[in-house]
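Colleague: I should like a close look at one part of this model, with its surroundings described in connection with it. Please define the terms as they arise.

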Amino acid sequence: CLIICISTSVCDPHPLCLYLCEAELQQRSPPSMISLAGGAPNPNTFPFQLASIKMKNGQTLTFDETVMKRALQYSASNGIPELLTWMKNLQKNLHNPPTAGYAPENGQMDMCVTTGSQEGLCKVFEMLVNPGDNVLLDAPTYSGTLATLQPLGCNLINVPSDQHGMIPAGLKEVLSQWDPSEVHKPGSTAPRVLYTIPNGGNPTGASMTSQRKQEVYELARQYDMLIIEDDPYYFLHTYKLIHVMSLCIWQPWAPTFLSMDVDGRIIRTDSFSKILSSGLRIGFVTGPKPLVDRVVLHIQASTMHTSTFTQLMVSQLLHSWGQEGFLQHIDGVIEFYRTQRDAMISSADRWLKDVAEWHAPSAGMFLWIKLKGIADTQQLIMKKALEKEVLLVPGGVFMINSSDPCPYVRAAFSLSTPEQIDEAFRRLSSLIKEAL
Ligand SMILES: Cc1ncc(COP(=O)(O)O)c(CNc2cc3ccccc3n(O)c2=O)c1O
């Protein structure tokens, strides 16, 4: 196993790695292999025997005794092979990444399963960011990312953005304080990492245009930066599903950074939370193999791997659906959120147009609302709104400095009914008017 560890993964023969490599080795060994190596528990002692999960389309996913024993056992840190293979084929079909054809040592596209994309983000930032590093991102941004980055002691630099996402001219201005020809000099403080949410941004709902992505990617090339493409709302875009010769392809509203990555400088996090289940905690990191290998090392040293049970459950579903079935499911999800978004926009027009302003999102599940005449929404939302029994998120939590005054609030249109949204905005309207 020691030899196997060195040859098949980048981990040094750390005892834990030996242990987990053994699990991978066991999975690939012939039945004649007798292992006395791994300290894995004997699944015959587990109390669970069978499982069957009824799907809304009438299908049933079943775990017989053999599958159940595997589902309840440790598995490979990068993910179970059948789920990884299915996802790699989907990534290639959706994004056609240039790196898919590269040699491993030249940054070949690779993937690993993570426990939600939140874990992927956490492991990627742990891998890349050192105390004092300059990290670029377009604020307001996902509070979970801020919560991951701030303890790393890095310096978060805001890149200007608007309803179409990060503004390339703003990025160029921020980068102009460094000389691109000196970014590799020892001691250079030039940023190495740029983080953005390109579709249905949280909290702004902003989606980057193709033009902007191209320009941002070129600037990342010029300054040799990695781009963390955090894209959990990618599938919640107003994409049109196009059936071409029974091959299901997506006509993306704008190509992803992964689809333009000729250098192997994109690390992409995907999530099944908004399309299959948020509680199953299934996400993916896609990126150049040398970097994905190291993310897997961080997983080995923390959670070891994402639940084998949930991976097998999702893998069975995806294999029964195929890519076309998966994309057809997503069509239904898009339809739901489009209806929800339209309901929120019409209620905002009805109740808020004199006291607030906003941009209708083309993806995601959030409306970013600027309240007129109110410098900071924190008190209004955390006290007055609660008294009126309407819950929103004050914009400050999405800013790099949460104590800075922020006139925005985030409203999610994912859970409440159109009727509840309308009543909530009626209450919000009255409390804004009282506050003014
Ligand atoms: C841009 C961006 N990147 C990554 C993630 C993490 O998603 P994962 O794949 O499920 O791990 C997210 C999830 N965002 C949220 C999650 C959440 C969970 C409980 C309660 C509230 C929550 N609110 O408000 C959120 O915005 C996200 O928006």
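Between which elements does the loop that holds Asp224 lie?

Modeller: The model is predicted, so local features are given only at pLDDT of at least 70 and side-chain atom pairs only at pLDDT 80 or more, while totals for chains, interfaces and linings use all residues. Residues are numbered from 1 along each chain as its sequence is written, and side-chain values use heavy atoms, with hydrogens and water left out.

Asp224 lies in the loop between helix 8 and strand 9; helices (H or I, at least four residues) and strands (E, at least two) are DSSP runs, numbered from the N terminus. Its relative accessible area is 32%, and Asp224 is therefore partly exposed; buried stands for under 20%, exposed for over 50% and partly exposed for what lies in between, with a 1.4 Å probe and protein chains only. The backbone of Asp224 has a positive phi, near 50°, although the residue is not glycine. Most residues other than glycine have a negative phi.

The element on one side of this loop, helix 8, comprises residues 210-222 and packs with helix 7 (residues 168-175) at an angle of about 15°, the axes being 9 Å apart. Helix 7 is therefore roughly parallel to helix 8, and their crossing is right-handed. Helix 7 contributes Pro168, Leu171, Lys172 and Leu175 to the contact, and helix 8 contributes Arg212, Glu215, Val216 and Leu219. By class, the residues of this contact are 5 nonpolar, no polar and 3 charged.

The terms of that description are as follows. Axes are lines fitted to C-alpha atoms, for helices over the stretch in contact, with angles from 0 to 180 degrees between N-to-C directions. Angles under 35 degrees count as roughly parallel, over 145 as roughly antiparallel, 65 to 115 as roughly perpendicular and the rest as oblique. A crossing is right-handed if the near helix is turned clockwise from the far one by less than a right angle, and left-handed if anticlockwise. Contact requires heavy atoms within 4.5 Å. Ala, Val, Leu, Ile, Met, Phe, Trp, Tyr, Cys and Pro count as nonpolar, Asp, Glu, Lys and Arg as charged, and the others, Gly among them, as polar.

The loop between strand 8 (193-196) and helix 8 holds Asn199, and Pro203 is also placed in the loop between strand 8 and helix 8. A cis peptide bond, with omega of about 15°, joins Asn202 and Pro203. Most peptide bonds are trans.

Asn199 has a relative accessible area of 0% and is therefore buried. Its side chain makes a polar contact of 3.1 Å with that of Asp231 and another, of 3.5 Å, with that of His237. A polar contact is a pair of N or O atoms within 3.5 Å; within protein, one must be able to donate a hydrogen and the other to accept it, and residues adjacent in sequence count only if both atoms are side-chain atoms.

His237 belongs to the loop between strand 9 (226-230) and strand 10 (240-244). With a relative accessible area of 0%, His237 is buried as well. The side-chain pair of Asn199 and His237 thus links a residue of the loop between strand 8 and helix 8 with one of the loop between strand 9 and strand 10.
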